[in-house]
Amino acid sequence: PGQEVWFAGRKLRVVATLSQTGIGYMDRVAFMPIEGARRLLNELKNSYSGKVNKRPTANRQSAMDFGHLISGSATDSPLPKDLSPDGVSMVFIKVSDGTLSKALASSIASKVDGIAVILLNKNAAMVKSAISQAMRPLLIPTVALVLMATMVVGVVFSMMVRERTRELGLLRAMGARRRDVFMAVALESLLVSIAGSFTGVVAGGSLLLVFKNNVMDALEVASLWPGPAEVIAVSMGAMLVSIIVGVSGALYPAYRACLMEPSKALGDCT
């Protein structure tokens, strides 16, 4: 805010900036007072020739919808010569809860000629469906990765218990109960899991923040960056899954460690 930028051949001062939504149309829009926009459009029209449409045609109006959010429907923007300073090229309508948006859209289209009515929730549903179809094949690999991670954690903690056989035997010989040994190994796995999950969430979130636009461009779907509540919920969910995997993988090694007899553990290490 406060900086000066060149826009359509004129120097304008930025009053405020909006957070990025990930939707190309909204992220490339400049908002200004209607009178200033009309003066700017009049100046732009001086460099173009041709008849001005007082009202955009239905086909032209359709070209200005949000269809570019769906793969394969990108369209060109209208030229300034095709717009009227006294006309309206697009109107956003926010309906109250309980309003039937489809019925309202049909009513507007039937009563006003030469316009196209676009339902944003329809496009959102199409994007959601596209994302769901893209994610569905990843379900089985995801489950397989979780199981593999659990087994890897089990192998790592089994090696750790084997390397600490003497220490665990000494604990048992000094009066530590089986439950104490089990809780010691389980607590260590919990602490390691918490540290690892936190590091993974921070690293993964940072990479997603940096490359989210590239990912969405590659998938050819729209991206709406979630709010703080959603980010915290997803992060906590990811950490919870990581902690469950880590602790679950260490349960069997911890169980084997608590069954260890002191004399045998010390004898194996001599």
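This is a short talk on a few helices, one nonpolar core and two buried serines.

Keep in mind that the model is predicted.

Start with helix α2, residues 34–45. How far apart are its end C-alpha atoms? They are 16 Å apart. That agrees with expectation, because 12 residues at 1.5 Å a residue should span 16 Å. Which residues of α2 are buried? They are G36, L40, L41 and K45. Their cover includes two strands, β1 at 4–7 and β2 at 10–13.

Now move along the chain to α6 and α7. Helix α6 runs over residues 139–163, and helix α7 over residues 165–173. The two pack at an angle of about 65°. Their axes are 4 Å apart. Who makes the contact? From α6 we have V161, R162 and E163. From α7 we have T165, E167 and L168. By character, the contact residues of this pair divide into three charged, two nonpolar and one polar.

Two names from that contact, V161 and L168, come back in the next part. They belong to the largest nonpolar core, which has 12 residues in all. Also in this core are V153, F157, M160, V181 and V185. A250, A254, A257, C258 and M260 complete the set. Which helices each supply at least two residues of this core? They are α6, α8 and α9, the last spanning 228–258. As background, nonpolar side chains in soluble globular proteins tend to be buried together.

Take V153 from that core. Leaving aside neighbours within four places in sequence, V153 touches V245, G246, G249 and A250.

Next, the serines. S189 lies in helix α8. Is S189 buried or exposed? It is buried, because its relative accessible area is 0%. A polar atom of the S189 side chain lies 2.6 Å from the backbone oxygen of A186. Beyond four places in sequence, S189 is in contact with F157, G246, V247 and A250. F157 and A250 are both core residues.

S193 is also in α8, which covers residues 178–219. Its relative accessibility is 10%, so S193 counts as buried; the cut-off is under 20%. Setting aside neighbours within four places in sequence, S193 is in contact with S242, I243, G246 and V247.

Look at G246 to tie this together. G246 is in contact with V153. It is also in contact with S189, and with S193. V247 is in contact with S189 and with S193.

Key:
Residues are numbered from 1 along each chain as its sequence is written. This is a predicted model: local features need pLDDT of at least 70, side-chain atom pairs count only at pLDDT 80 or more; totals for chains, interfaces and linings use all residues. Side-chain values use heavy atoms; hydrogens and water are left out. Axes are lines fitted to C-alpha atoms, for helices over the stretch in contact, and angles run from 0 to 180 degrees between N-to-C directions. Contact means heavy atoms within 4.5 Å. Ala, Val, Leu, Ile, Met, Phe, Trp, Tyr, Cys and Pro count as nonpolar, Asp, Glu, Lys and Arg as charged, and the others, Gly among them, as polar. Buried means under 20% relative accessible area, exposed over 50%, partly exposed in between (1.4 Å probe, protein chains only). A polar contact is a pair of N or O atoms within 3.5 Å; within protein, one must be able to donate a hydrogen and the other to accept it, and residues adjacent in sequence count only if both atoms are side-chain atoms. A nonpolar core is a set of buried Ala, Val, Leu, Ile, Met, Phe, Trp, Tyr and Cys residues joined through side-chain atoms within 4.5 Å. The expected span of a helix is 1.5 Å times one less than its number of residues.
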